[in-house]
Amino acid sequence: MRTEPGEYLVGAYLKLIEECDVVDYNVRVPGGGLEGLGELDVVGLNFKNKTAFVCEVTTHILGLLYKNKVESVDRVRRKHERQRLYAKKFLDTFENHRFMFWSPVVPRGYLTTNLAKIKGLELVINGHYKQRIGELRELAKTAAHETQNPAFRVLQILEHLRDDV
């Protein structure tokens, strides 16, 4: 599965802001089978803080919506359950688990209200998403080093553009 630009942004945040030692994309459960069909978009591991970040990323720029509002919440809830099972089975050596859902545009109302009811899921949506990408942009203004992250590299280029000809 191809890594999406939104996933690279989340990976850059985990690596550069949360200081994860390892960031992986499109992680599948080892062993395959039916359980291995589902993927985890971004997993970050911070060994110093013993924190594992397990992230679902949905970059629908016109607004989060699958089939309908109810299906959208159910789908995120199911993905969160998969996050928890993965962490319990494979990340049990980490003291802290942060389960996150990242999406830049989530319509206020039914979706935001019901997503907020998913226990243990940290929502990085709307303004919170913008704020975190803003942190990356601020870092990109001063960082000139290569990070092996294409989304952050684009931010670096954009933040270093010059007005003179």
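Biologist: Why is Phe-152 called buried?

Modeller: In this predicted model, the relative accessible area of Phe-152 is 0%. Buried means under 20%, so Phe-152 is classed as buried. The residue belongs to helix 5, which covers residues 150–159.

Biologist: Which residues is Phe-152 in contact with, leaving aside its neighbours within four places in sequence?

Modeller: Phe-152 is then in contact with Ala-12, Leu-16, Leu-136, Leu-139, Ala-140, Ala-143 and Thr-147. A contact here requires heavy atoms within 4.5 Å. By way of contrast, the C-alpha atoms of Phe-152 and Glu-39 are separated by 23 Å, with their positions 113 residues apart along the chain.

Biologist: What makes Leu-136 a buried residue?

Modeller: Leu-136 has a relative accessible area of 0%, and the limit for buried is under 20%, so Leu-136 counts as buried. Leu-136 is located in helix 4. Beyond its neighbours within four places in sequence, Leu-136 is in contact with Leu-9, Ala-12, Tyr-13, Leu-16, Ile-17, Phe-152 and Leu-155. Its C-alpha atom lies 28 Å from that of Arg-75, a residue 61 positions away in sequence.

Biologist: How do you know that the span of helix 1 agrees with what is expected?

Modeller: Helix 1 comprises residues 5–17, which is 13 residues. The expected span is 1.5 Å times one less than that number of residues. The result is 18 Å, and the end C-alpha atoms are 18 Å apart, so the two agree.

Biologist: Which residues of helix 1 are buried, and what covers them?

Modeller: The buried residues in helix 1 are Gly-6, Glu-7, Leu-9, Val-10, Gly-11, Ala-12, Tyr-13 and Leu-14. Their cover includes strand 1, strand 2, strand 3, strand 4 (96–103), helix 4 (127–142) and helix 5. After helix 1 comes Glu-19, with a positive phi near 60°.

Biologist: Why is a positive phi worth pointing out?

Modeller: Most residues other than glycine have a negative phi. Asn-26 is not a glycine, and its phi is positive, near 50°. Lys-50, also not a glycine, has a positive phi of about 55°.

Biologist: What makes Asn-26 buried, and what makes Lys-50 partly exposed?

Modeller: Asn-26 has a relative accessibility of 13%, and the buried class is under 20%, so Asn-26 counts as buried. Lys-50 has 38%; partly exposed lies between under 20% and over 50%, so Lys-50 falls in that class. Asn-26 is part of strand 1, residues 22–28, whereas Lys-50 sits in the loop between strand 2 (39–46) and strand 3 (51–57).

Biologist: What is the pattern of the protein along the sequence?

Modeller: The protein has 5 helices and 5 strands, in the pattern α-β-β-β-α-β-α-β-α-α.

Biologist: Why is the protein called as compact as a globular protein of its length?

Modeller: The radius of gyration is 16 Å, and the globule rule gives 15 Å for 165 residues; the values are close, so the protein is as compact as a globular protein of that length. Its C-alpha atoms fill a box of roughly 55 × 40 × 25 Å along the principal axes. Of the 165 residues, 45% count as buried.

Biologist: What share of the exposed area do carbon and sulfur atoms supply?

Modeller: The protein exposes about 9700 Å², and carbon and sulfur atoms supply 54% of that area. As for charges, the mean positions of the 25 positive and 22 negative ones are 6 Å apart.

Definitions and conventions: Residues are numbered from 1 along each chain as its sequence is written. This is a predicted model: local features need pLDDT of at least 70, side-chain atom pairs count only at pLDDT 80 or more; totals for chains, interfaces and linings use all residues. Side-chain values use heavy atoms; hydrogens and water are left out. Helices (H or I, at least four residues) and strands (E, at least two) are DSSP runs, numbered from the N terminus. The radius of gyration is taken over C-alpha atoms; the globule rule is 2.2 Å times the number of residues to the power 0.38. Buried means under 20% relative accessible area, exposed over 50%, partly exposed in between (1.4 Å probe, protein chains only). Accessible areas come from the Shrake-Rupley method with a 1.4 Å probe; for residues, only the protein chains shown count as cover. Lys and Arg count as positive and Asp and Glu as negative; His and the chain ends are not counted. The place of a charge is taken as NZ of Lys, CZ of Arg, CG of Asp or CD of Glu.
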